[in-house]
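Colleague: I have a model open and would like to talk it through with you. Could you look at it with me?

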Number of protein chains: 2
Amino acid sequence: MISFRLLHQSKKSRARAGIISTPHGDIETPTFVPVATQGAIKALVEDAAVRAGTQLIIANTFHLLFKPGVDILSAAGGLHQFMHWQRPLMTDSGGFQVFSLGFGMDHSLGKIDTRVEGDERRTLIDVSTQPRQIRITEEGVHFRSPMDGSEVLMTPESSIAAQQVIGADIMYAFDECTPPRTTRAYIEESLARTHRWEERSLAARTTAQAMFGIVQGSRYRDLRERSAQFVNDRAFAGFGIGGDLGESKAQSAEILSWVIPALDPTRPRHLLGIGHPEDIELMMRGGVDTFDCVSPTQLARRGIAFTPEGRIDLRNESARHAMKPIDARCACDTCVKYSRAYLAHLLRAGEINAYSHITLHNLTFMHRAVRDWREKILAGEI
Amino acid sequence: MISFRLLHQSKKSRARAGIISTPHGDIETPTFVPVATQGAIKALVEDAAVRAGTQLIIANTFHLLFKPGVDILSAAGGLHQFMHWQRPLMTDSGGFQVFSLGFGMDHSLGKIDTRVEGDERRTLIDVSTQPRQIRITEEGVHFRSPMDGSEVLMTPESSIAAQQVIGADIMYAFDECTPPRTTRAYIEESLARTHRWEERSLAARTTAQAMFGIVQGSRYRDLRERSAQFVNDRAFAGFGIGGDLGESKAQSAEILSWVIPALDPTRPRHLLGIGHPEDIELMMRGGVDTFDCVSPTQLARRGIAFTPEGRIDLRNESARHAMKPIDARCACDTCVKYSRAYLAHLLRAGEINAYSHITLHNLTFMHRAVRDWREKILAGEI
């Protein structure tokens with residue numbers, strides 16, 4: 001199990017700082033959580049992630065279920081052992097893949113992209129038909145195995161069974177992450193089912209691992225409040241906030257302002273799948289303790305680096321001749337050692353070291369930004 | 001400049017141990033030299049290479065000439081600065097690319113593959129025509145730029161000029177690396193031209209960087225001896241042994257036995273482009289001080305790992321369930337932390353961390369194998 005110690009609750013905002021204690025060590029919150037979908041932080045060896053400031057990572061149950069499979073994870077003694085990660089670990093339940101394999105794939109929607117503006121994205125998704133790739137029933141989610149095309153059924157019970165083999169310090173209840181721009185009627189139906197799945201998830205657990213419940217409800221205040229109340233009243237060790245958080249920072253802040261006050265302050269709160277640098281402030285002020293996002297690692301592999309002045313694209317011609325580091329004030333190995341020109345060269349030469357170097361910087365940047373907020377929170381400045 | 005100190009010359013074989021001192025530190029010889037063709041050891045950050053035991057790396061003038069180009073290398077203050085490599089560095093002259101762009105590309109021959117058996121490889125290359133991709137004249141090598149298709153002329157003078165901008169501790173004279181299975185007449189003509197190019201290379205140098213001359217001559221004793229005598233009589237700081245070393249270990253050992261005794265023992269000897277684990281013994285007994293090869297890094301990216309019992313293929317089904325490390329006696333991070341099953345998972349999941357982990361092991365393996373030989377040489381056992 002885990003415990004949460006609140007070090008400071010701001011009186012000016014919902015911001016707070018604390019420590020989550022887990023069987024694999026403490027997590028100083030707030031903190032950013034890098035994504036290790038398949039049991040590896042992409043392009044970064046574990047030591048480098050720790051040097052960047054990583055305290056907690058999140059792996060994905062859905063992916064690990066197929067590769068390497070629970071038999072191998074079981075033989076390895078769990079994911080901590082398998083990937084040699086000796087610090088805290090959480091696993092997503094697979095609910096997000098229900099979204100991305102289903103409506104997301106049908107409509108080319110990725111959660112990371114939901115804020116893209118444009119009229120073509122404003123059309124409501126047709127929920128009168130089931131998504132093509134999956135079939136959702138009360139029992140669970142039916143889909144074709146990405147490995148061999150065979151029919152697979154993922155249920156709250158099978159998600160928890162898999163998460164128990166993986167052995168993360170923190171598991172998530174199995175939910176449906178509803179897509180943006182679907183109808184209220186569909187969201188309501190889905191939310192009721194998600195709550196039943198969350199109860200089944202709790203009932204299915206046979207280990208001492210912590211389980212977080214997930215708040216869904218899309219952009220509807222009453223549904224978000226209903227969902228927050230629901231998970232708050234259950235024996236979850238903490239809370240995940242999932243699904244559609246709107247298209248603007250203001251809307252995200254508003255949704256957080258509905259959910260966070262309804263949650264027991266003695267338990268930690270994780271925001272699922274959101275975390276660009278420009279989102280940090282609203283999450284901090286909104287009372288989020290931990291949050292995960294692929295953005296620092298995924299953008300790094302596209303040659304995009306974070307700086308205090310915003311993102312830079314190291315594939316741009318201008319980077320080829322820039323003998324300065326990504327960020328002269330950054331103390332990461334990448335900024336201490338390499339110019340933008342060298343990183344631009346590696347990208348153009350197809351050298352995968354480029355991905356490692358930029359990933360290290362982007363993670364360092366995210367962790368330091370959140371740590372700076374933490375210090376301000378502890379100092380009573382926010 | 002560099003200096004070489006002989007610590008021990010075996011009386012039982014040509015094996016020897018020494019120290020090459022360079023402006024960027026000492027190199028304990030014999031040692032294996034990892035390849036950093038484009039200014040990066042593929043899939044491995046520099047710190048990890050040093051932990052693996054790397055003392056000296058070799059980069060490629062031909063590749064760097066086009067990417068990032070001499071203007072950027074000049075602005076960076078040379079390759080040491082650009083890639084943040086603070087230890088000894090050597091640069092190939094581009095002669096090997098003359099081979100691989102020319103006859104090698106025409107006939108799908110790679111130097112690394114010259115020992116492959118099979119009748120179809122035994123046909124003599126038709127040297128009555130020039131290779132299609134390049135044109136060799138007394139002046140130098142004419143070819144199309146891989147960047148924009150424009151006509152490029154690479155000469156001894158332009159190679160040395162580029163190598164001076166790159167600023168390696170050790171440069172190589174510009175040569176033609178003749179392909180295996182061509183005629184004696186062609187080899188003889190090429191060798192005479194290579195010797196003229198080597199003299200022009202020496203004359204072109206305007207820096208204090210060390211320059212190694214290259215011994216060519218393919219599999220012909222009189223040509224090898226003539227070439228060794230030629231470079232030995234010139235003001236080279238050391239020697240490279242290049243070109244075709246035959247199809248068997250016995251043949252390679254024989255060719256080394258022609259060349260090495262003709263070379264001044266007070267200067268270091270580098271064997272160019274050869275270095276599978278199974279080649280180490282003949283090089284050690286043959287008196288080679290340093291040698292480079294892409295095999296440990298290139299094979300790693302194909303999932304092939306070195307062990308004392310031979311190579312293992314981590315893409316094989318059997319690796320998926322193997323909870324033991326690549327080599328239980330190896331102290332590298334990869335073997336200390338990860339099972340074969342985890343590495344097999346990363347390979348199958350397309351996680352590039354697999355390449356980093358296996359590269360680290362293979363380099364550690366090579367360096368340790370050569371270091372073990374060095375200790376035996378120093379102990380008078382070989």
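Colleague: Where does A:Ser218 lie in chain A?

Modeller: A:Ser218 lies in the loop between strand E11 (210–215) and helix H8 (221–232) of chain A, where helices (H or I, at least four residues) and strands (E, at least two) are DSSP runs numbered from the N terminus. Keep in mind that this is a predicted model, in which local features need pLDDT of at least 70 and side-chain atom pairs count only at pLDDT 80 or more, while totals for chains, interfaces and linings use all residues. Residues are numbered from 1 along each chain as its sequence is written, and chains are lettered from A and ligands numbered from 1 in the order in which they are written.

Colleague: Is A:Ser218 buried or exposed?

Modeller: A:Ser218 counts as buried because it has 26 C-beta neighbours inside 10 Å; a residue is buried if 20 or more other C-beta atoms, placed from the backbone, lie within 10 Å of its own, exposed if 12 or fewer, and partly exposed in between. Although A:Ser218 is not a glycine, it has a positive phi of about 55 degrees.

Colleague: Changing topic, which peptide bond in chain A is cis?

Modeller: The bond from A:Lys67 to A:Pro68 is cis, with omega near 0 degrees, and A:Pro68 is found in helix H2 (residues 61–76).

Colleague: And how are the two chains related?

Modeller: A turn of 180 degrees with a shift of 0.0 Å along the axis lays chain B on chain A with an RMSD of 0.0 Å, the superposition being by least squares on the C-alpha atoms of residues with pLDDT of at least 70 in both. That is the relation of a two-fold axis. Of the residues of chain B, B:Ile352 comes closest to that rotation axis, with its C-alpha at 3.9 Å.

Colleague: How many residues does the contact take from each chain?

Modeller: The contact takes 31 residues from chain B and 31 residues from chain A, two residues being in contact if their C-beta atoms, placed from the backbone, lie within 7 Å. Among the elements of chain B that each supply at least two residues to the side touching chain A are helix H2 (61–76) and helix H14 (353–378).

Colleague: What about overall size, how far does chain A span?

Modeller: The C-alpha trace of chain A spans about 60 × 50 × 50 Å along its principal axes. Chain A has 14 helices and 16 strands, and of its 382 residues 54% count as buried.
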